[in-house]
Each structure stands twice: as structure tokens, then as C-alpha cells.
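Trainee: I should like to learn how to read the features of a structural model in an orderly way. May we work through an example together?

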Amino acid sequence: YGYDKGELIKFQHDTFREYFAAQRLVSNWKQNKSQTWKFLRPRLHHPAWREVILLFVVSLNDEQSATEFIQKVLNAKSEYEKELHRDLLLAGECLNSGVNLEAVFYRMLLKRLLYLYLGYILTERSTHQFAYQTVIEPIEVILTGASSDARIFIQDLLLSLTKSRRIKNSSISALYQLSRKNDNEVSLSFLGVSIFNKDLRNLLQKISPPSFFFIGTYLVLGF
């Protein structure tokens with residue numbers, strides 16, 4: 001439609017606008033990364049830019065560029081990051097958008113998300129509604145939507161944590177959580193469920209193959 005300074009295009013649906021905005025950002029990133037980051041930095045956590053950013057990072061196509069951008073997100077030092085963890089959670093959302101990242105960086109990001117999750121559910125912070133909505137639940141969404149390779153890495157990481165007596169039961173219950181595909185699957189490992197952390201128990205009902213459930217029973221019962 002007409003405009004006194006030229007012509008503008010109006011989209012009937014936000015998805016089209018978000019897609020083309022993301023493609024423009026990809027083009028700009030290839031030409032000038034620092035200027036593109038300077039533009040995106042103050043918009044990282046604006047709701048209207050969330051889908052644009054996710055589309056942008058998955059459209060970068062190569063591991064190096066995507067990894068570089070998400071590293072910038074992790075180091076953005078957004079306001080109240082120590083309390084809200086918005087930079088880390090946005091980086092986690094990028095994982096589930098289908099982005100390809102360098103393997104070492106990908107595992108490091110999964111580890112940070114998992115450790116933050118355990119840090120919350122093993123303390124009284126898990127009982128706070130605000131903490132659940134802003135940190136615990138978003139991480140659960142990220143972990144339950146992880147790829148099969150990522151789930152295997154998380155399962156191995158949780159198994160390694162069982163060497164620490166302090167968090168043995170909770171890490172096993174997280175392993176159990178990651179071992180279920182849906183609420184209809186039942187396993188003998190319910191023998192050990194009563195000692196598990198409640199929030200982990202809830203997460204446990206959302207992902208992966210039941211075989212890991214038996215590992216949890218094995219470790220809990222001490223066979």
C-alpha cells in the first residue's frame with residue numbers, strides 16, 4: 001500500500017513477516033556480524049522478536065556461524081541474568097529449533113541446562129511458582145524436545161552423577177524421567193519412585209526408552 005515516503009508491504013500473517021525478517025538478518029550477518037549483533041542484542045528477549053531469532057539461527061545453515069551467534073547469546077549478560085537465566089534459556093530454545101552446532105559446544109550447552117535444572121529441583125527453589133514458570137518448566141520443554149543423540153548424552157551425564165551420594169537418588173530419578181516415552185508405559189522401577197524428587201518424577205514421564213528405567217532400579221536398590 002502507498003506511503004508518503006515510498007511503498008510498504010503488509011503481511012496478513014506474522015509468520016511471513018518473521019520469516020522474511022529472519023532472512024534479512026541472515027544476509028546482514030554474512031556481511032557484517034558485529035552490526036547485526038548490535039541490532040539484535042537489545043531485542044533478544046522481546047516477545048515480538050523471539051520467532052525471528054529462532055528462524056534466523058536455524059537459517060544460518062553452517063555450524064560455525066550458528067555456534068558463534070549462540071555463544072554471543074550466552075555471553076550477552078542480559079539484565080538479571082543470574083536470577084532469570086534468559087540468555088541460557090534462549091540458547092536452549094535454539095537447540096530445539098533444529099540448529100546445527102559444533103559438537104563440543106552443543107554438549108556444553110546441554111550440560112549447563114541440566115546442571116541449572118538440577119540446581120533448582122534439589123533445593124527449595126523448586127517450590128516457588130515463579131521459579132517453576134521461568135526456569136524449571138522451560139528447561140523441561142528443552143530437554144524433552146532434545147534429539148535422540150542429546151538424550152543419550154544427558155542419560156550418560158546423569159549416570160555419571162550417581163557417583164555422588166548427595167545427588168544419587170535425584171539424578172537416577174532424572175534418568176528415569178528421561179527413560180519414558182509416555183504416561184502409559186509402566187516399569188518395575190516404580191519400586192524406587194517413592195524416594196525420588198517430585199519435580200524430577202514429573203519430568204520423568206515425558207522422554208526416552210524404558211530400558212534406562214531398569215538401570216535406575218539397579219542403582220537404587222543396590223543390586
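Mentor: The discussion below moves from the overall fold to charged pairs, a helix packing and the backbone.

Trainee: What should be settled before any details are read?

Mentor: The origin of the coordinates comes first: this is a predicted model. The chain has 223 residues, of which 42% count as buried.

Trainee: How many helices and strands does the chain contain, and in what order do the elements run?

Mentor: The secondary structure comes to twelve helices and two strands. Read from the N terminus, the order is β-β-α-α-α-α-α-α-α-α-α-α-α-α. Contacts add a further view: among those with a separation of 6 or more, 69% join residues 24 or more positions apart.

Trainee: How many salt bridges does the structure hold?

Mentor: There are three. In each case one may ask for the distance, the place of the partners in the chain, and their exposure.

Trainee: Where do Arg 17 and Asp 14 lie with respect to each other?

Mentor: Their side chains meet in a salt bridge with an N to O distance of 3.0 Å. Both belong to helix H1 (residues 14-31), and because they are three residues apart there, about one helical turn separates them. Arg 17 is partly exposed, with a relative accessible area of 47%, and Asp 14 is partly exposed as well, at 42%.

Trainee: Which elements hold Glu 68 and Lys 33?

Mentor: The side chains of Glu 68 and Lys 33 form a salt bridge at 2.8 Å, N to O. Glu 68 lies in helix H4 (residues 63-74) and Lys 33 in helix H2 (residues 33-40), so the pair ties together parts that are 35 residues apart in sequence. Glu 68 has a relative accessible area of 25%, which is partly exposed; Lys 33, at 31%, is partly exposed too.

Trainee: What is the distance between the closest N and O atoms of Arg 50 and Glu 93?

Mentor: In this salt bridge they are 2.4 Å apart. The pair links distant parts of the chain, with Arg 50 in helix H3 (residues 50-59) and Glu 93 in helix H6 (residues 86-95), 43 residues apart. Glu 93 counts as partly exposed, at 29% relative accessibility.

Trainee: Is Asp 87 buried or exposed, and what is the nearest side chain of opposite charge?

Mentor: Asp 87, which is in helix H6, is buried yet has no salt bridge. The nearest side chain of opposite charge is that of Arg 86, 5.9 Å away. That distance fails the test, because a salt bridge requires the nitrogen to be within 4 Å of the carboxyl oxygen. Leaving aside residues up to four places away in sequence, Asp 87 touches His 45, Val 73, Leu 74, Ala 76, Lys 77, Ser 78 and Glu 81.

Trainee: How is the packing of two helices described?

Mentor: Two quantities are used, namely the angle between the axes and the distance between them. Here the axes of H3 and H6 come within 9 Å and cross at roughly 55°. That angle makes H3 oblique to H6, and the crossing is right-handed. The contact is made by Arg 50, Leu 54 and Val 57 of H3 together with Leu 90, Glu 93 and Cys 94 of H6. Arg 50 and Glu 93 thus appear in this contact and also form a salt bridge.

Trainee: Which residues of H3 are buried, and against which helices do they pack?

Mentor: The buried residues of H3 are Val 52, Ile 53, Leu 54, Phe 56, Val 57 and Ser 59. They pack against H1, H2, H4 and H6.

Trainee: What sign does phi have in most residues other than glycine?

Mentor: In most of them phi is negative, so a positive value deserves a second look. Asn 61, with phi near 75°, is a case in this model. Asn 61 comes just after H3, in the loop between H3 and H4, and is exposed at 62% relative accessibility.

Trainee: Where is His 85, and is it buried or exposed?

Mentor: His 85 lies in the loop between helix H5 (81-84) and H6. Although His 85 is not a glycine, its phi is positive, about 60°. With a relative accessible area of 12%, His 85 is buried, whereas Asn 61 is exposed.

Note on methods: Residues are numbered from 1 along each chain as its sequence is written. This is a predicted model: local features need pLDDT of at least 70, side-chain atom pairs count only at pLDDT 80 or more; totals for chains, interfaces and linings use all residues. Side-chain values use heavy atoms; hydrogens and water are left out. Helices (H or I, at least four residues) and strands (E, at least two) are DSSP runs, numbered from the N terminus. Buried means under 20% relative accessible area, exposed over 50%, partly exposed in between (1.4 Å probe, protein chains only). Lys and Arg count as positive and Asp and Glu as negative; His and the chain ends are not counted. Contact means heavy atoms within 4.5 Å. Axes are lines fitted to C-alpha atoms, for helices over the stretch in contact, and angles run from 0 to 180 degrees between N-to-C directions. Angles under 35 degrees count as roughly parallel, over 145 as roughly antiparallel, 65 to 115 as roughly perpendicular and the rest as oblique. A crossing is left-handed if the near helix is turned anticlockwise from the far one by less than a right angle, and right-handed if clockwise.
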